[in-house]
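Okay, thanks for making time, everyone. Let me put the structure up, and then I'll talk you through it.

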Amino acid sequence: MFLDRFYSLKDGRVTITALQASRFAKEIAGDFNPIHDPDARRFCVPGDLLFAVVLSRFGLSANMTFQFRSLLGDGVALEFREPTEGTIEVCDENGKVYLEVTRSGANTRDETVIEDFTRCYVAASGKNFPHTLQPLMESKGVMFNPDRPMVMYESMSLALDTLDAAGPELELHNADLEANGKRGNVTLEYRLLSDGKPVGEVAKRLVLGGLRPYSPDAMAGVLEEFYRLKARGADYGSNA
């Protein structure tokens, strides 16, 4: 699988280093959120990488919901448990749960199907910022802390009409931001398309931290830093 270089497997446990997580974020997701940098003070593994590892190990089901319970740090040995039918828990050896998954319906283990869907899903996530979130925040008159931009997954869900969609693509059809004090709750809803026809629905819920009034100048600085990191990541990828 294309994920093999982004995690390690030993004695049945999965381990993701900060470097592996950062490479996945930049190379596969196009995600340059500073929280995924190996030297970040509050480093965490991208939710999309945990999502991808679950699909690679358990297959893609017609209906799935992913609830993120805790931020995952560098080098934690993870166990993937099935406490009940249709439920998966990703936890450490002490039982701390980082991700809960529920699933139902038909399931496929076809590696090509899973990789195509994973790449499609993760590519859409890479467009969250700035393509979707920046205009959304501007329209609501709020933004995250420009000095410590915090964008985290709360949950993901998918409902698929078919498991063998050819050339899958995600099309954003609704985006909303609800401000609640310093916390912003974002809902993104997508249609899954195959040959231009809808074959399923996907939803993501994100949390923005440190909300404050929108500042064009402050956001310009965030965007400048984002594109600087993106250019550096492209150079890194070409030399890797």
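**Strands first, then pockets**

Let's start with one pair of residues: Phe80 sits opposite Val90 in β5. Before I go on, keep in mind that this is a predicted model.

So, that pair belongs to β4 and β5, residues 87–92, which run antiparallel and share four bridges. They make a hairpin with five residues between the strands, and there Gly86 has a positive phi near 85 degrees.

Now stay with Val90, and look to its partner in β6, which is Leu99. β5 and β6 are antiparallel too, with five bridges. That's another hairpin, this time with four residues between the strands, and Gly95 in the turn takes a positive phi of about 90 degrees.

Going back to β4, residues 77–81, we find two bridges to β2, residues 13–15, again antiparallel. Val14 is the one facing Leu78 in β4.

And β6, residues 97–108, also pairs with β3, residues 60–68, through eight antiparallel bridges. Met64 has Arg103 as its bridge partner there, in β6.

Okay, zoom out. How many strands form the open sheet, and in what order? There are 10, they go β1-β2-β4-β5-β6-β3-β8-β11-β10-β9, and the pairing is antiparallel. β1, residues 8–10, and β9 are the edge strands with a single partner strand each, so each has one side without a neighbour in the sheet. From one strand to the next, the twist averages 25 degrees.

Let's walk in from the β9 edge. β9 and β10 are antiparallel, with 11 bridges between them, and Glu171 faces Arg191 in β10. Their hairpin has two residues between the strands, and Gly181 there has a positive phi near 65 degrees. Then β10, residues 183–194, goes on to pair with β11, antiparallel, over 11 bridges. Over on that side, look for Glu189, opposite Ala203 in β11.

What lies across this part of the sheet? That's α4: it lies across β8, β9, β10 and β11, and it runs at about 40 degrees to β9. Have a look at Pro130 while you're there, because that one is a bit of a curiosity. Pro130 is located in helix α4, and the peptide bond leading into it from Phe129 is cis, with omega near 5 degrees.

Another backbone detail is at Asp11. This residue is not a glycine, and still its phi is positive, about 55 degrees. You'll find Asp11 in the loop between β1 and β2.

On to charges. The salt bridge count comes to 11. One of them joins the side chains of Glu27 and Arg5, at 2.6 Å from N to O. Glu27 is in helix α1, residues 18–28, and Arg5 is in the segment before β1, so this pair ties together parts that are 22 residues apart in sequence.

Last topic, the pockets. How much space lies in the largest pocket? About 950 Å³. Its lining has 47 residues, and Asn33, Pro34, Ile35, Pro149 and Val151 lie nearest the centre of the pocket. By type, the lining divides into 26 nonpolar, nine polar and 12 charged residues.

Which elements supply at least two residues each to that lining? They are α2 (47–58), α4 (128–140), β8 (150–160), β11 (197–209) and α5 (216–239). The largest share, seven residues, comes from α5.

The second largest pocket has a volume of about 150 Å³. Its lining consists of Cys120, Ala123, Ala124, Lys127, His131, Thr132, Leu170, Glu171, Leu172 and Tyr190. Here α3 (111–125), α4 and β9 (169–180) each give two or more residues. Sorted by type, that lining has six nonpolar, two polar and two charged residues.

You may remember Glu171 from earlier: this residue lines the second largest pocket, and it also stands opposite Arg191 in β10. And α4 keeps turning up as well: this helix lies across β8, β9, β10 and β11, supplies at least two residues to the lining of the largest pocket, and gives two or more to the lining of the second largest pocket.

That's the tour. Happy to rotate the model for anybody who wants another look.

Technical notes:
Residues are numbered from 1 along each chain as its sequence is written. This is a predicted model: local features need pLDDT of at least 70, side-chain atom pairs count only at pLDDT 80 or more; totals for chains, interfaces and linings use all residues. Side-chain values use heavy atoms; hydrogens and water are left out. On a 1 Å grid over the protein atoms alone, a cavity is a set of points where a 1.4 Å probe fits but cannot get out, and a pocket is an open set with protein on both sides within 12 Å along at least five of seven lines; lining residues have an atom within 4 Å of a point. Grid points are joined across faces, edges and corners, and a volume is the space filled by probe spheres set on the points. Ala, Val, Leu, Ile, Met, Phe, Trp, Tyr, Cys and Pro count as nonpolar, Asp, Glu, Lys and Arg as charged, and the others, Gly among them, as polar. Two strands pair if DSSP finds at least two bridges between them. Axes are lines fitted to C-alpha atoms, for helices over the stretch in contact, and angles run from 0 to 180 degrees between N-to-C directions. Contact means heavy atoms within 4.5 Å. A salt bridge is a side-chain nitrogen of Lys or Arg within 4 Å of a carboxyl oxygen of Asp or Glu.
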